[in-house]
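Grab a viewer and work through these exercises at your own pace. Each one sets a task, then walks through a solution.

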4 protein chains.
Amino acid sequence: MPDKEFKETLKKVNQFRISKDYDIEQFISSLKDTGFNAKRLALACEIYKDMIEDKDCTKFFGLAGALVPAGMQGVIHDFIQEGFIDILITTGANLTHDVAETLGYHHLQGEVNINDLNDVKLHEEEMNRIYDVFMPNKVYEGIEDFVSKLEIPDYTMPVSSFLKFLGEKLPKNENSILKICAENDVPIFCPAFTDSGLALQLGFHHQKINLNHFKDMLKMVDLAWDAKKAGICIVGGGVPKNFIMQSLQFCPTSASYAIQITMDRPEPGGLSGATLREAISWGKLNEQARYSTLISDATIALPIILWYLKKSEK
Amino acid sequence: MPDKEFKETLKKVNQFRISKDYDIEQFISSLKDTGFNAKRLALACEIYKDMIEDKDCTKFFGLAGALVPAGMQGVIHDFIQEGFIDILITTGANLTHDVAETLGYHHLQGEVNINDLNDVKLHEEEMNRIYDVFMPNKVYEGIEDFVSKLEIPDYTMPVSSFLKFLGEKLPKNENSILKICAENDVPIFCPAFTDSGLALQLGFHHQKINLNHFKDMLKMVDLAWDAKKAGICIVGGGVPKNFIMQSLQFCPTSASYAIQITMDRPEPGGLSGATLREAISWGKLNEQARYSTLISDATIALPIILWYLKKSEK
Amino acid sequence: MPDKEFKETLKKVNQFRISKDYDIEQFISSLKDTGFNAKRLALACEIYKDMIEDKDCTKFFGLAGALVPAGMQGVIHDFIQEGFIDILITTGANLTHDVAETLGYHHLQGEVNINDLNDVKLHEEEMNRIYDVFMPNKVYEGIEDFVSKLEIPDYTMPVSSFLKFLGEKLPKNENSILKICAENDVPIFCPAFTDSGLALQLGFHHQKINLNHFKDMLKMVDLAWDAKKAGICIVGGGVPKNFIMQSLQFCPTSASYAIQITMDRPEPGGLSGATLREAISWGKLNEQARYSTLISDATIALPIILWYLKKSEK
Amino acid sequence: MPDKEFKETLKKVNQFRISKDYDIEQFISSLKDTGFNAKRLALACEIYKDMIEDKDCTKFFGLAGALVPAGMQGVIHDFIQEGFIDILITTGANLTHDVAETLGYHHLQGEVNINDLNDVKLHEEEMNRIYDVFMPNKVYEGIEDFVSKLEIPDYTMPVSSFLKFLGEKLPKNENSILKICAENDVPIFCPAFTDSGLALQLGFHHQKINLNHFKDMLKMVDLAWDAKKAGICIVGGGVPKNFIMQSLQFCPTSASYAIQITMDRPEPGGLSGATLREAISWGKLNEQARYSTLISDATIALPIILWYLKKSEK
């Protein structure tokens, strides 16, 4: 940090006021020149907006965490529909939950206190708990029924090709992530696909299946290689984060824009909690990259960012 | 958890969509029937609204954390101005920062990455760091000048009386917490007042001072004792949380409404991370209390709650 | 919680003393009847010991996080050598780091403060940062050289078979995880294998490779299905945790012993932070299971547990 | 970070092995040249040892968090008895719990799962919960009885003088913190004393009490001013951390040794989660200070550090 530059950027913290009739742009603008995570949230909104307006930028979106069970399926759907995501990398769990909702099944919630939940009783009632939301066991039956009837044209296609095929086969649904990705030609990568209920059903009913994971890995490297510029939004870390990051090492310009929304912390050294700053040492972000490592539950931050992006869209 | 009750409250997770023209009420309403902290944020907004509309409810507000340096002075000011706080309990640090801003000094921020900050150099430049905001040393000189000239009528008055006196002596300022509390007769309690730069200057320049802490302690107990109903909003925990909680044990109805916004976690057993649920065992919350323990940076959650409360006010 | 049972288990918190000549068994025993994470650490030690002594128990070990770069390679090696792990599930990153160390390369650390690290300069020096440890870029060259020369007998074998083959081909090394697993016939599963530097080199130099991930998924289900009893130790969560958990749903007895060591928190709903208790609702842990969800950096907890297990081994 | 210095300190991460017959010194020595919090724990042990061996060093110890209820009373007692603490700064809660145990009352724990606890029922049973330990209401009656009978010689003495008086009046007890401090002339500061059950009983039964908090504040400044060198160990942050830190600004040499053990995180800007590094900008730590910000539950870290210090004592 050259001394001169540091001092030159310093200015007053904005002791802002809020009017009840503010729109989301005015609200985020208020948070801009403050501190802590308020500032980072405003910065994340701005960076994502710039990323969208930069026509040279390929937007990678990494999605981990139980976002669909927590009611964020429509939010992610809209990120894709609005063109805010070019390439989606996610977990098998989110895809499994997306298939469930798309087939007409539902996750449940209620006026229940987390401390009052009796997991033994929940098990007897075949109600699988994900913190404070629930997936009834019977959902799996619906997924199994759907998967068992799939006529898969090629057992060795890349996972991403299978996910496109799956999106095409799923019924019309206004919130479906797989569906909107298939319709809008947004590729989905899922490096740990066999780590999911969806893949288990596939394996049980299509025993010869050997979807190709390596072709996807190389395709991601190609996508990064071909990107004029790259921007990333990482929700929650995990395999999606690392899979994007390892590919970005092959992007000639590395990432120029980066957002991470996580509740993990950096000190224990895991990737999910690692700051975006660390990625510069690896050449995954470039030296001039604008980035914001936002410490927030994604169920709060993602809807706000989407709201802001929709409002500020030209 | 009686089985019947649990099942009866269950309903579908709301897979909501966001329109760019939503106002904050529509936004919060969308988050209501979801999961994780999105749901808790919506619940916190609702509970605070109910607390305001319940004319029998005394609203205790506990404020810890460096909220003023992070640009939240106006937010807290407005909570008081709007009548959303009846009794404020806070730290000496927040009062010190409030005095600084009220006297015309400022906290600073800039386009600086936290990893780039060199604390040795910052020390040479007399720039005190609070994560990613800064308080120049010279601010203390301004506080010292103001405090040294105070003509304190009674060295043994309760801390809360002194803080009211201080609010009256401070110059007019649109964001000042001490000022608006003095004007609106909202008492401020500060049990750890001598743990602050403000108190240090007092002690240096008024050596006979012995502000009474015990009278404040008993006054808080009286306020809790006299409350028909009690509602609490705890920001960040610490001494303000405990001071409210120990008083609530003497409130005949215990608290009926409760919100906590914290980033601390419960497992290591500290009070700041303790869930509100735990307070029921102590009789600090009553059994029918509505409460939301929100895991979020207060710099994000507080402005959203204020925005919602202003918009929904009748 | 039946009232009677709760009261019957209550006893005094142990206000213990420590003698300088304590061995690790005496130390852990002191922590037993206390509270918070001290108690959970003692419980984790006891449960792991019971798991080892229970000859019917198959021990699944899930390993996520950058444990090898942080110096824990020998610790994990010894868990395997001592027979404390029957089946290892891990990330591609840990295997990549293990290959690097086994080939004679090293991770680096130093008397450097994390705030002083300049990631731009680190990038210029080709020094990849993992929080406060470093992997020089040239390590990748060594891995590439090794991988490019591998004569892989079957491009469609399961990932676990390839990892055994890899362990056999690696040079003798006293700390190598892959080596000791190959020698002791401990299977390694790596569901997100293509999410790693090791897999990238494989893909670049063996373009026809399509290691079978589905066969591993089914093999894990079979292992769980065949287990008379199951015990799990989860380090850090992530894909290894979920891959074990999804298999345990097919274990007739579900898991009877469970330990998780994590720094993630449960409220944002991600699997890594989910409590072990939650797994009961899914039928992944059985109702009588003994479990300890330990909130600790694994670099502290794992060596302590290993030390205890070695000392208490009969 | 001058490039040369950084490179010069780099060395191999220690891929250590553990022998079952290790003593605590050998164990900590193994963790020394690793990464993440294992390394920080080893560093904390070393720094504390150096602090003790440096005869010019005044050792300030800040204690927040419910350590006594969690069974750490004897550990803290021994830190004092061994001379590892020169000045103790703590919360009213820890003193209240210490008085309770010293009077022969006990905190309780049991084989209870935190999720199974019904706080409503606990309230009916007059069992106050502190995460997973319990304090029966009747303990307060014992404290009240003791406090009401105290013949307090001076109602305006400093809090620290009263705490010494209290320690003298308490019965002999092998674990008592107040007792050993009184016996060994280790001053106890408690800036937020009125935020405690102990102070409430004092206030109820000795209505004229107005213990002087300002004299303690100035006395702490004097102690820091007079220290040839200063070393600090901060457990959990809060008021004790800030009270030490604000005094250290008046120490001519600032702190030369510093340890913090916390589970809070730095990003939300609260003092408890702030890194020790930040304190350099304020002049609270000097530029050459050796420090370790250890992210760990104190119930794990404190007993380990005590064990190490006892073993390595000459």
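**Exercise 1. Find the strand neighbours of β8(A), and work out whether β8(A) is enclosed or open to the outside.**

Step 1. Start with strand β2 of chain A, residues 57-63: it pairs with β8(A) in the parallel sense, over seven bridges. Keep in mind that this is a predicted model. To pin down the register, pick A:Phe60, which sits opposite A:Ile232 in β8(A).

Step 2. Now look for another partner. Strand β9 of chain A (residues 255-262) also pairs with β8(A), in the parallel sense and over six bridges. A handy marker here is A:Cys233, whose bridge partner in β9(A) is A:Ile259.

Step 3. Ask how the chain gets from β8(A) to β9(A). Helix α12 of chain A, residues 238-248, joins the two strands in a β-α-β unit, and that unit is right-handed.

Step 4. Check burial, where a residue counts as buried if 20 or more other C-beta atoms lie within 10 Å of its own. Strand β8 of chain A covers residues 229-235, and six of its seven residues are buried, so the rest of the structure largely encloses this strand.

**Exercise 2. Write down the strand order of the six-stranded sheet in chain C, and name its edges.**

Step 1. Read across the sheet: the order is β7-β3-β2-β8-β9-β10 in chain C. The sheet is open, and its pairing is parallel.

Step 2. For the edges, look for strands that pair on one side only. Those are β7 (188-189) and β10 (285-295) of chain C.

Step 3. Zoom in on the β7(C) end. Its pairing with strand β3 of chain C, residues 87-90, is parallel and runs over two bridges. There, C:Leu88 stands opposite C:Ile188 in β7(C).

Step 4. Add a helix. In chain C, α12 (residues 238-248) lies across β2, β3, β7, β8 and β9, and it runs at about 150 degrees to β2(C).

**Exercise 3. Which operation lays chain A on chain B, and what does the contact between them consist of?**

Step 1. Superpose the two: a turn of 180 degrees with a shift of 0.0 Å along the axis does the job, at an RMSD of 0.0 Å. That's why you can call the relation a two-fold axis. Both copies use the same surface, with 100% of chain A's contact residues recurring in chain B.

Step 2. Count the contact: 60 residues come from chain A and 60 residues from chain B. On the chain A side, elements that supply at least two residues each include α1 (3-9), α3 (36-53) and α14 (298-312). The top contributor is α14(A), with seven residues.

Step 3. Sort that side by chemistry. You get 25 nonpolar, 19 polar and 16 charged residues.

Step 4. Look for strand pairing across the chains. β4(A) and strand β1 of chain B (residues 11-12) pair over two bridges in the antiparallel sense. Here A:Gln109 has B:Lys11 as its bridge partner in β1(B).

**Exercise 4. Describe the contact between chains C and D.**

Step 1. Count again: chain D gives 60 residues and chain C gives 60 residues. On the side of chain D that touches chain C, α14(D) has the largest share, seven residues.

Step 2. That side of chain D breaks down into 25 nonpolar, 19 polar and 16 charged residues.

Step 3. Finish with the strands. Strand β1 of chain C (residues 11-12) pairs with β4(D) in the antiparallel sense over two bridges, and C:Lys12 stands opposite D:Leu108 in β4(D).

Conventions:
Residues numbered from 1 in each chain as written. Chains lettered and ligands numbered in written order. Predicted model: local features only at pLDDT ≥ 70, side-chain atom pairs only at ≥ 80, totals over all residues. Contact = placed C-beta atoms within 7 Å. Helix = DSSP H or I, 4+ residues; strand = E, 2+ residues; numbered from the N terminus. Nonpolar A, V, L, I, M, F, W, Y, C, P; charged D, E, K, R; others polar. Pairing = 2+ DSSP bridges. Least-squares fit on C-alpha atoms with pLDDT ≥ 70 in both. Buried ≥ 20, exposed ≤ 12 C-beta atoms within 10 Å, placed from the backbone. Right-handed = clockwise from strand over helix to strand, strands pointing away. Axes fitted to C-alpha atoms, helices over the stretch in contact; angles between N-to-C directions.
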